[in-house]
Amino acid sequence: QVQLVESGGGLVQPGGSLRLSCVASGLAFSSYSMNWYRQAPGKERERVARISGRTGSTVYADSVKGRFTISSDSAKNTVYLQMSSLKPEDTAVYYCMASPYSNDLSTYWGRGTQVTVSS
């Protein structure tokens, strides 16, 4: 059974930093790209960052480039999102998502972790 469990969210002041973690059990990283999405109240869910489970290449949304860094540790089956220079507009629920390379596999989502940026 595949499970994605996020942690590390919380309340932080503008300009601060947080590191989110996503522990993925029951899947092989090499078969998925791992993604962080976020959804703010009243807004659509948007992808923030992606890391290839095959090559380690990364992609970022323009809104977070230079401030967020996605990384993974395959030995721990964990994906991280290091967030720096946080802004109030980064406030959202952050979700981990595993997107398969093969149509034979399924897409998986975590339940999310709340990030609130406020003074």
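Me: Which residues of the largest nonpolar core touch the most other members?

Reply: Keep in mind that this is a predicted model. Of the 30 residues in that core, Met34, Trp36, Leu81, Met83 and Tyr94 touch the most other members. Strands 3, 4, 5, 7, 8, 9 and 11 each supply at least two residues of the core.

Me: What does Met83 touch, leaving out residues up to four places away in sequence?

Reply: Gly16, Ser17, Leu18, Leu20, Arg67, Phe68, Tyr94 and Val115.

Me: Why is Ser52 called buried?

Reply: Buried means under 20% relative accessible area. Ser52 has 9% relative accessibility, so Ser52 counts as buried. You'll find Ser52 in strand 5.

Me: What makes the link between the side chains of Ser52 and Tyr101 a polar contact?

Reply: A polar contact needs a suitable pair of N or O atoms within 3.5 Å. The two side chains come to 2.9 Å in a polar contact, so the pair fits the cut-off. The Ser52 side chain also reaches the backbone nitrogen of Arg54, at 3.1 Å.

Me: How do you know that strand 7 and strand 8 pair?

Reply: Pairing takes at least two bridges. Six bridges join strand 7 to strand 8, and the two run antiparallel; therefore they count as a pair. Across them, Ser71 stands opposite Tyr80.

Me: What makes strand 1 and strand 7 edge strands?

Reply: The open sheet has four strands in the order 1-3-8-7, with antiparallel pairing. Strand 1 (3-7) and strand 7 (68-73) each pair on one side only. Neighbouring strands here are turned by 15° against each other on average, direction ignored.

Notes: Residues numbered from 1 in each chain as written. Predicted model: local features only at pLDDT ≥ 70, side-chain atom pairs only at ≥ 80, totals over all residues. Heavy atoms only, no water. Axes fitted to C-alpha atoms, helices over the stretch in contact; angles between N-to-C directions. Core = buried A, V, L, I, M, F, W, Y, C linked by side-chain atoms within 4.5 Å. Buried < 20%, exposed > 50% of the residue type's maximum accessible area, 1.4 Å probe, protein only. Contact = heavy atoms within 4.5 Å. Polar contact = N/O pair within 3.5 Å; in protein donor to acceptor, adjacent residues only side chain to side chain.
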